[in-house]
Amino acid sequence: MRHKRTNLETELRANRPRPSDEFVNRLEGRVREGRRSRAGSFRVAFAGSLAAGVLAALASVGGLGYASNATGEAVQKAKRVVKSSHGTAVVRKSPSRDQYGKPKVKKKKKAKKKAKGRAFARPPFTG
Amino acid sequence: MLRVDPLRNPEPLIRRVYGYVAYRIGDGPDAEDITSETFERALRYQKSFDPQKGEPLAWLIGIARRLIEGRPPTLELAIEVPDHSDAGDLEDVTLRRLALSGAVSRLEPRDRDLIALRYGADLTARQIAEELDLRTNAVEVALHRALGRLRAAIEEPGDPPVRKQGTAR
């Protein structure tokens with residue numbers, strides 16, 4: 001009985017269905033490819049978390065405010081440069097201006113005040 | 001904690017998963033499909049693998065079992081064993097192999113599962129017990145009885161062996 005059972009067990013193991021080598025190679029390739037792409041996404045996630053860590057460290061020492069100010073200034077300067085390239089640039093301070101002295105500042109005439117109340121009207125002709 | 005990659009060396013795992021699946025549903029394209037799907041799922045849910053709970057093979061066999069159980073029953077194919085008279089020039093080994101596969105295919109699903117786990121996937125009785133949530137001793141007894149029924153099926157081809165009432169699950 002024992003002998004018979006052992007034979008059957010051996011037979012079951014020996015006659016175990018085997019996949020074709022082609023199938024095994026194909027599936028193995030797919031599994032390895034899948035593992036590689038997962039490793040790639042892990043690397044991206046690692047880089048992202050590293051960047052987040054750096055940002056957090058900067059924020060804790062006020063580095064972010066500094067960086068944003070610098071960026072704002074840079075933007076302003078760039079705007080100025082771009083604006084001046086359009087239209088006529090008026091130079092207010094230059095050596096040529098100094099040579100001829102200070103330009104006269106025209107005094108603004110005061111606008112006559114209109115008489116308040118009724119408007120003046122010529123008296124009627126009586127002669 | 002360092003993550004363990006269960007699919008680091010896939011080749012032997014593919015062979016053993018295929019062995020299990022083929023004993024369950026028969027050798028051929030269906031077994032290949034289930035094996036492929038098992039590994040696709042394993043890749044997708046790789047994070048769910050817990051080395052504390054068992055080895056990669058047991059984890060993969062668990063996936064394969066669920067896939068087989070979720071299959072439509074119409075896809076179940078019985079293995080046909082050719083008659084000796086038709087076998088003519090076939091070698092005895094091939095004939096014996098077919099007879100064995102045919103006998104396994106005629107077993108009840110529970111016996112077939114046990115045989116496939118033990119001799120297809122080459123799991124130990126302890127690993128099978130963990131997979132089926134049974135005691136190791138109960139698995140050994142159930143395996144012994146399944147082998148008995150398999151022997152009967154080989155000796156008397158045609159009629160499926162019937163499980164007696166009151167035997168182990």
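Is the crossing of α1(B) and α3(B) left-handed or right-handed? In this predicted model, the two helices cross in a right-handed sense, and they pack with their axes 10 Å apart at an angle of about 35°. On the side of α1(B), the residues that meet α3(B) are B:Leu13, B:Arg16, B:Val17, B:Tyr20, B:Val21, B:Arg24 and B:Ile25, while α3(B) answers with B:Pro56, B:Leu57, B:Leu60, B:Ile61, B:Ala64 and B:Ile68. Sorted by class, this contact of α1(B) with α3(B) holds eleven nonpolar residues and two charged ones, with no polar residue among them.

The setting of this pair is a chain built from helices, since chain B has eight helices and zero strands. Of the 169 residues in chain B, 35% count as buried, and among the contacts in chain B with a separation of 6 or more, 67% join residues 24 or more positions apart. Chain A likewise has zero strands, with four helices, but buried residues make up 4% of its 127 residues.

A second helix pair in chain B also involves α3(B), which passes α7(B) in a right-handed crossing. The contact is made by B:Ala58, B:Ile61 and B:Gly62 of α3(B) together with B:Gln127, B:Glu130 and B:Glu131 of α7(B), and these residues divide into two nonpolar, two polar and two charged. The axes of α3(B) and α7(B) lie 11 Å apart and form an angle of about 45°; as that angle is neither under 35 degrees nor within the range of 65 to 115, the two helices are therefore oblique to each other. B:Ile61 is listed in the contact of α3(B) with α1(B) and again in the contact of α3(B) with α7(B).

From these pairs one can turn to the nonpolar core. In soluble globular proteins, nonpolar side chains tend to be buried together. The largest nonpolar core here has 41 residues, and those with the most contacts inside it are B:Val17, B:Tyr20, B:Val21 and B:Ile115. Two or more residues of this core come from each of several elements, namely α2 of chain A and, in chain B, α1, α2, α3, α5, α6, α7 and α8. The largest share, nine residues, is given by α1(B). For B:Val17, the residues touched, leaving aside those up to four places away in sequence, are B:Thr35, B:Thr38, B:Leu60, B:Ile61, B:Ala64 and B:Ala121.

The two chains also meet directly, with 26 residues of chain B in contact with 19 residues of chain A. On the side of chain B that touches chain A, at least two residues are supplied by each of α1, α2, α5, α6 and α8, and the largest share, eight residues, comes from α1(B). The residues of this side of chain B divide into 14 nonpolar, five polar and seven charged. Thus α1(B) gives the largest share both of the core and of the side of chain B that touches chain A.

A last point concerns a charged residue outside the helices. B:Arg106 is found in the loop between α5 and α6 of chain B. Why does B:Arg106 count as buried? The reason lies in its 21 C-beta neighbours inside 10 Å, because a residue is buried if 20 or more other C-beta atoms lie within that distance. The C-alpha atom of B:Arg106 is separated by 9.7 Å from that of B:Ile154, although the two residues are 48 residues apart along the chain.

Technical notes: Residues numbered from 1 in each chain as written. Chains lettered and ligands numbered in written order. Predicted model: local features only at pLDDT ≥ 70, side-chain atom pairs only at ≥ 80, totals over all residues. Core = buried A, V, L, I, M, F, W, Y, C linked by C-beta atoms within 7 Å. Buried ≥ 20, exposed ≤ 12 C-beta atoms within 10 Å, placed from the backbone. Contact = placed C-beta atoms within 7 Å. Axes fitted to C-alpha atoms, helices over the stretch in contact; angles between N-to-C directions. Parallel < 35°, antiparallel > 145°, perpendicular 65-115°, else oblique. Left-handed = near helix turned anticlockwise from the far one by under 90°. Nonpolar A, V, L, I, M, F, W, Y, C, P; charged D, E, K, R; others polar.
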